[in-house]
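The exercises below are meant to be worked through with the sequence and the structure side by side. Try each task before reading the solution that follows.

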Amino acid sequence: MSPRILALLALPLVGCVGTPTPLAPSLRGTVGVPHHGVQTDAVELPVAGLGFERYRKKGRNHWGTPRLVSAVSRAAADVYRQFPDGQPLVIGDFSARHGGKIPGHNSHRTGRDVDLLYYVTTPRGVPRRSPGFVSLDSDGLGKLNDDGDFIQLDVPRNWALVKSLLENPEIGVQFLFASHKVETLLIDYALARQEPMDLVYRAQTVLLEPRDSAPHDDHFHLRVACAPEEGVTGCTGGGPYWQWLPQAPSTPTLDPEVLAAIAAEDPPVFEPLAEASLAPGGA
Ligand SMILES: [Zn+2]
């Protein structure tokens, strides 16, 4: 059979370009862009842990890159330790175990995205578990029903969450989608607390209301950037790579004279292998 026919027969095994297969072993972890990608080696967020619980107990889409799952768990625990009288962070969808399209989301395909419901209180400021995806207005209030029941954005806890995520060296926050109204409340609070200006600047940069989807007035959508080492295993895109994120190690540049000396050297000569070592049973 000709090599050309063999290549054509092998095409269905390869699948689409950019998908990890035994024929593309270099692609692993988070692969592709958040709107068109897959993942391998994902870990699943437990149903509950210190300071958090899942919105869907039995959902199948709680798989993310190990560092994202770790960072979210750690942030929830940080907030819990600072505000031990609070209610847990309620965590929505990550991605499917092997990535790809999941219901209700365009992104969330590569283990780099997760939805985090806002911490809320009663209008009197008593912490309460998030009842779900409830739109919050510019005063932080969200209407629960027609009986006059409201919830309110818990600004200190949500700011503590943002801060923990931004300060975690395990991840680089690429986006933390939230409505302009929520962002304003959080940034005003951070400024009033005299938080470090570089932290406030980072928060203002990543807290964005997306133009092409819901305004995110009922939850955060966290996306982490590709780590430099993930870039060589298939991770790409998803948004800007902010200047404060770790830069990929640069290749050392050689002095032109050194390069010229190397180029002038004679090519190495290899001794031919002894015939005995090529023979069947040879050493
Ligand atoms: Zn989302």
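**Exercise 1. Determine how strand β15 is joined to strands β8 and β13, and describe how its residues are placed.**

Solution. In this predicted model, begin with strand β8 (residues 113-117), which runs antiparallel to β15 and is joined to it by five bridges. One point to locate in this pairing is L117, whose bridge partner in β15 is H219.

Next, turn to strand β13 (residues 173-177), which is also antiparallel to β15 and is joined to it by four bridges. Here V173 is the residue that stands opposite V224 of β15.

Then consider β15 itself, residues 219-224, where six of the six residues are buried, and the strand is accordingly mostly covered. H219, H221 and R223 point one way from β15, while F220, L222 and V224 point the other way. This can be set beside a general rule, that side chains in a regular strand alternate between the two faces of the sheet.

**Exercise 2. Work out on which side helix α4 is buried, and what it packs against there.**

Solution. First check the length: α4 (residues 180-192) has 13 residues and reaches 18 Å from its first C-alpha to its last, close to the 18 Å expected at 1.5 Å a residue.

Second, list the buried residues of α4, which are V182, E183, L185, L186 and A190. Because these residues cover an arc of only 165° around the axis, they lie on the same side of α4. The general background is that an α-helix has 3.6 residues a turn, so residues three or four places apart point the same way.

Third, look at the face turned away from the buried side of α4, which carries the exposed residues D188, L191 and A192.

Finally, follow the buried residues of α4 to their neighbours: they pack against β12 (150-153), α3 (155-167), α5 (197-206) and β14 (207-208). Of these, α3 has several buried residues, including W159, L161 and L165, and the 18 Å between its end C-alpha atoms agrees with the span that its 13 residues should have at 1.5 Å a residue.

**Exercise 3. Find the place of β12 in its sheet and identify the edge strands.**

Solution. Start from the strand order, which is β10-β9-β12-β11 in an open sheet of four strands with antiparallel pairing. The edge strands are β10 (127-128) and β11 (141-143), since each pairs on one side only.

To finish, examine the pairing of β11 with β12, which is antiparallel and has three bridges; within it, L141 has Q152 of β12 as its bridge partner.

Methods
Residues are numbered from 1 along each chain as its sequence is written. This is a predicted model: local features need pLDDT of at least 70, side-chain atom pairs count only at pLDDT 80 or more; totals for chains, interfaces and linings use all residues. Helices (H or I, at least four residues) and strands (E, at least two) are DSSP runs, numbered from the N terminus. The expected span of a helix is 1.5 Å times one less than its number of residues. A residue is buried if 20 or more other C-beta atoms lie within 10 Å of its own, exposed if 12 or fewer, and partly exposed in between; C-beta atoms are placed from the backbone. The arc is that of the directions from the helix axis to the C-beta atoms. Two residues are in contact if their C-beta atoms, placed from the backbone, lie within 7 Å. Two strands pair if DSSP finds at least two bridges between them.
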